[in-house]
Amino acid sequence: MLRYTIRRLIQLVGVVLVLSLLLFAWLRLLPGGPVSALLGDRSTPEKAAELTKQLGLDQPIFVQYFKFLGRAATGDFGTSTGVQPGDSALDIFLQRFPATIELSFFAIVIAIAVGVPLGYLAAKRRGGWFDNLSVIGSLIGVAVPVFFLAYLLKDVASSALGLPSSGRQDAIDATRVTGFFTLDGIITGEWDATFNALEHLILPAIALATIPFAVIFRITRAAVLDVLDEDFVRTAESKGLTAPVIRRRHVLRNAMLPVVTTIGLQTGALLSGAVLTEKVFSFAGVGEALAIGFERRDYPVLLLLIIMAAIVYVVVNLLVDLSYALIDPRIRTR
């Protein structure tokens, strides 16, 4: 297991290097650029040439890339030219990543808490009204665009339920410790700040959870249906084992491998940045920074955020692979 983990981490380094090179070249081939974004209507050929030289954009791409690698090795990923002009790209990531983690965590918790039980119950009642209704609900969850549901929740549910529709927290005097607003309130004992942050998370988390819920539900239902048809389940029933024992020891445990894989993939995707949801709810996370960065051609921020998203995705999938050994001991021996 240790050898496998080390091998995967080495592969991660290769993935990051190749991705960084491709991103570096791709971002510089995009129309526009940070020079036009910074100068705007005040742009003249002389000013553009001067700023291009100042930013080092007049040098060959490979020269710029190797200079970037050298600076990145010291923790310098460049300075933002659009998202938060003048701020370090690394500081922007560190400021915004906790928001995305919080939002993604609550979204995936909602998706798992609803999707797994519903998938199991739908499989147990295959062909019944509950099964058919659940399948229709999951199809709606996949079919409805996230941005549409986000705007619907923001405009309708927010007014009807009196929930906040933008931002991470009201303008209250709250102590910042970790950057996780819900956790900071618990650590400092400022429970009002925690509850306020939770209120701001409800609507964006629900909007973000719809697609993961639908996918997790469908995979759980399919996996449980496959296991219910196995001989060992019928043997357990013939031995007189109780339904909770059969469900826990035989059905759910054997059905969990594809479900865990799906949860890992969905979690990695959420942590990579919920661009549309964060943009609609003005939620100051990585997704919103990516959207602003693309609008303003902020190369340093875009490069760092996309690379970090890829690292998070690969690490989450590595953790999922390692969790297989806990779920199925047979994998541990291979």
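This is a short selection-by-selection tour of the structure you have open, which is a predicted model.

**Start zoomed out**

Colour by secondary structure before selecting anything. You'll see 15 helices and zero strands. Orient the C-alpha trace along its principal axes, and the span comes to about 85 × 55 × 40 Å. Of the 334 residues in the protein, 44% are buried. If you draw a contact map and keep separations of 6 or more, 73% of those contacts come from residues 24 or more positions apart.

**Colour the domains**

Next, give 19-74 one colour and 96-331 another: the domain assignment calls these domain 1 and domain 2. Put a distance marker between their C-alpha centres and it should read 37 Å.

For a long ruler across the model, select K53 and I246. Their C-alpha atoms are separated by 69 Å, with the two positions 193 residues apart along the chain. K53 belongs to helix 3, residues 45-55. Is K53 buried or exposed? Its relative accessible area is 61%, so K53 is exposed.

**Highlight the annotated spans**

Now select 12-29, 103-123, 135-153, 201-219, 255-276 and 301-327. An unreviewed UniProt entry annotates these residues as "transmembrane region". Two of them are worth a ruler:

- Residues 103-123 are 100% helix, and the end C-alpha atoms lie 30 Å apart.
- Residues 201-219 are also 100% helix and 0% strand, with 26 Å between the end C-alpha atoms.

**Show the aromatic rings**

Turn on side chains for the aromatics. The count of aromatic pairs comes to nine. Zoom in on F24 and F68, a tilted pair with 5.7 Å centre to centre and 40° between the planes. This pair links distant parts of the chain: F24 comes from helix 1 (residues 2-29) and F68 from helix 4 (residues 61-72), 44 residues apart. Check accessibility while you're here. F24 counts as buried because its relative accessibility is 2%, and F68 is buried too, at 5%.

Then widen the selection to F24, Y65, F66, F68 and F77. Ring pairs link these residues into a cluster.

**Move to Q169**

Centre the view on Q169. You're in the loop between helix 7 (146-161) and helix 8 (181-188). Which way does the accessibility of Q169 go, buried or exposed? The value is 13%, and the cut-off for buried is under 20%, so Q169 counts as buried.

What does the side chain of Q169 reach at 2.8 Å? That would be the backbone oxygen of A193. A polar contact of 2.7 Å also joins the side chains of Q169 and R176. To fill in the surroundings, show the residues Q169 touches beyond four places away in sequence: A174, R176, F181, A193, N196, A197 and H200.

**Finish on F181**

Two names from that list, R176 and F181, take you to the last stop. The charged end of R176 sits over the ring of F181, 3.8 Å from its centre. Now add R168 to the selection: R168 lies over the face of F181 as well, at 3.7 Å from the ring centre. Keep Q169 displayed alongside them, and you can trace its side-chain contact to R176 and from R176 on to the F181 ring.

Notes. Residues numbered from 1 in each chain as written. Predicted model: local features only at pLDDT ≥ 70, side-chain atom pairs only at ≥ 80, totals over all residues. Heavy atoms only, no water. Helix = DSSP H or I, 4+ residues; strand = E, 2+ residues; numbered from the N terminus. Buried < 20%, exposed > 50% of the residue type's maximum accessible area, 1.4 Å probe, protein only. Polar contact = N/O pair within 3.5 Å; in protein donor to acceptor, adjacent residues only side chain to side chain. Contact = heavy atoms within 4.5 Å. Phe/Tyr/Trp six-rings, centres within 6.5 Å; stacked < 30°, edge-to-face > 60°. Lys NZ or Arg CZ within 6 Å of the ring centre and 35° of its normal. UniProt positions renumbered as here; feature names shortened; annotations may be inferred. Domains from an automatic or database assignment.
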